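Trainee: I would like to learn how to read strand pairing, burial and chain contacts from a model. Please start with a single pair of residues.

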Amino acid sequence: MSNGVRVRRGPLLEGVRKFGVTGIFLARLLAACVRALARPGLIVAQIFNAGGRSLIIIMLSGLFTGMVLGLLGQDVLARFDAETALGQLAALALLKQLGPVLTGLLFAGRAGTALTSEIGLMKATDQLTAMEVMAVDPMAYVAAPRFLGGVIAMPLLAAIFNVIGLFGAHLIGVDLLGVDRGTFWSQTQSAVGLHDVTEGIVKSVVFGVVISLIAVSEGYHCEPTAEGVGLATTRTVVASSVLTLLLDYVLTAAFL
Amino acid sequence: MSGAADLQRAPAAPADDAVVEVRDAHYSIDGRPIFAGLDITVRRGLITAVMGPSGTGKTTLLRLITGQVFADRGQVSVFGRDIASLSNSEIYAARRRMGMLFQNGALLTDIDVFDNVAFPVREHTNLPESVIRSLVLTKLEAVGLRGAARLMPSELSGGMARRVALARAIVMDPEVLLYDEPFVGLDPISLGMILRLIRHMNQALGITSVVVSHDVQELATIADRSYLLSGGRVVAAGTPQDLAKSDSETVHQFMTGSAEGPVKFHYPAPDYASQLLGADAG
């Protein structure tokens, strides 16, 4: 600031700065996570906050996504007389792409925003400062349990999304449109390999880390005002959604 | 500013009974100087008042004392040690010997009143829950809110929240209590109670107190020693009676609450008449 170098603050510089801030924050957060592990109660509470409270929206979205898959899959595959491949299509689409990505986007909107605004408001009302003065590290007490809660909840939510999605595809494709039940499941079983499951799990863990990190970091670094908390919440949704989609491409390419 | 220098009786060497020593502290935020050579001594067992107009960095002073920020130049010593030279864990150890009352209470909003007061005890000790319970209830009784133990912070009025925060600040029996604007927005009953509590904790428990405030009248009744800040330095120091008798213009203006004087009430602006007449379109 006072080193004599004046750089015009453009969006690029701001982006680089943000990246650096978040990187340093991640290092501090991971150090705090080690200490936070000694307080499993706090983490469990945050798994419930991030995961339990997102269950309904994840299950509903999973069901509808699966139903659309069943409808669309049956329609398109029937044109090639291949509607028996519906199970395969639905399972692979959900496991590899739709499960982790849609869960990530919904998680960012539901749990990420809640995390950012909660931590931001704690900051705006001096709660984080009060903890520091009481010699309690807010990184270990507030940030780390919320981060860990998000990281643990996200893959679980994606798994639930996949199961309900597959059920939705089955409901429409098999029960409504008459695809053969036995073929549906046998195709699913033969097509899905460990490799596909791993891809889905890796993606959902990575998205969980990225979204939770952004959400906690934005809350921790926001301007401690009503406007600042609002802006930080918006940034959480935008940044974590874009990064989720970007990283989905990178990971998909990596798993090919 | 110069007229007040004679009032300031800063000792040449650090006194033995000084709990907090601020020596020639300089501090600025984003290039805006807050302190330019601040000298303050807080003696053990006394109530030290720090007064000053809004924006003179009274809250920043508390942040310096608790080691949340460090002076750019000069020294801030707490319990005899330069806080800037302490490691993180040593700063945390020093903070455990202090209690701080925030202006808005700063209660943790996701837990109830009882758990808020119990929070520092649970974090720093392994006391059994039964001991914590009686400890917390004793402190809540002292601030008259034992009956509110199971309320959530959102259900409290501003004055109640500050009393809970006070109970939380004293629950670990600190050696030093820092009060950030404890009198703002209190009804007369709560105000009288807070004043009595500050004095009681000082006299009965020997707690050293630093009260940061601009309520001159309230401070005059309890403070053993007062500092008046303006322009980033101490412009006057002494007992409240000394300050009331001071012939310094700044001190006089502050003690009497006049808009005219060395401390400008108006934020710098172009000439009023010419701006109204549109000569300056800003």
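Mentor: In this predicted model, Arg23(B) sits across from Gln75(B), a residue of β4(B).

Trainee: In which sense do β1(B) and β4(B) pair, and over how many bridges?

Mentor: β1(B) and β4(B), the latter covering residues 73-78, run antiparallel to each other and share 5 bridges.

Trainee: Which strand, β1 (residues 18-29) of chain B apart, takes part in the pairing over 9 bridges?

Mentor: That strand is β2(B), residues 32-43, and this pairing with β1(B) is antiparallel as well. One register point is Ala18(B), whose bridge partner in β2(B) is Arg43(B).

Trainee: How many residues lie between β1(B) and β2(B) in the hairpin?

Mentor: There are 2 residues between these hairpin strands, and Asp30(B) in the turn has a positive phi of about 50°.

Trainee: Now burial. Why does Leu38(B) count as buried?

Mentor: The idea is to count C-beta atoms around the residue, and 20 or more within 10 Å is the cut-off for buried. Leu38(B) has 25 C-beta neighbours inside 10 Å, so it counts as buried. Leu38(B) belongs to strand β2 of chain B.

Trainee: Which residues does Leu38(B) touch, not counting those up to four places away in sequence?

Mentor: The contacts of Leu38(B) are Val22(B), Ala25(B), Gly232(B), Arg233(B) and Val234(B). As for Leu243(B), its C-alpha atom is 18 Å from that of Leu38(B), with 205 residues separating the two along the chain.

Trainee: How should I read the contact between the chains?

Mentor: The size of an interface is often given as the accessible area lost when the parts come together. Here we have residue counts: 14 residues of chain B are in contact with 10 residues of chain A. On the chain B side, α2 (88-95) and α3 (113-124) each supply at least two residues. The largest share of that side is from α3(B), with 3 residues. By residue class, the side of chain B that touches chain A has 6 nonpolar, 5 polar and 3 charged residues.

Trainee: What does chain A have in the way of helices and strands?

Mentor: Chain A has 9 helices and 0 strands. The C-alpha trace of chain A spans about 70 × 45 × 30 Å along its principal axes. Of the 256 residues in chain A, 47% are buried.

Trainee: What percentage of the contacts in chain A between residues at least 6 apart in sequence join residues at least 24 apart?

Mentor: For chain A that share is 87%.

Notes
Residues are numbered from 1 along each chain as its sequence is written. Chains are lettered from A and ligands numbered from 1 in the order in which they are written. This is a predicted model: local features need pLDDT of at least 70, side-chain atom pairs count only at pLDDT 80 or more; totals for chains, interfaces and linings use all residues. Two residues are in contact if their C-beta atoms, placed from the backbone, lie within 7 Å. Helices (H or I, at least four residues) and strands (E, at least two) are DSSP runs, numbered from the N terminus. Ala, Val, Leu, Ile, Met, Phe, Trp, Tyr, Cys and Pro count as nonpolar, Asp, Glu, Lys and Arg as charged, and the others, Gly among them, as polar. Two strands pair if DSSP finds at least two bridges between them. A residue is buried if 20 or more other C-beta atoms lie within 10 Å of its own, exposed if 12 or fewer, and partly exposed in between; C-beta atoms are placed from the backbone.
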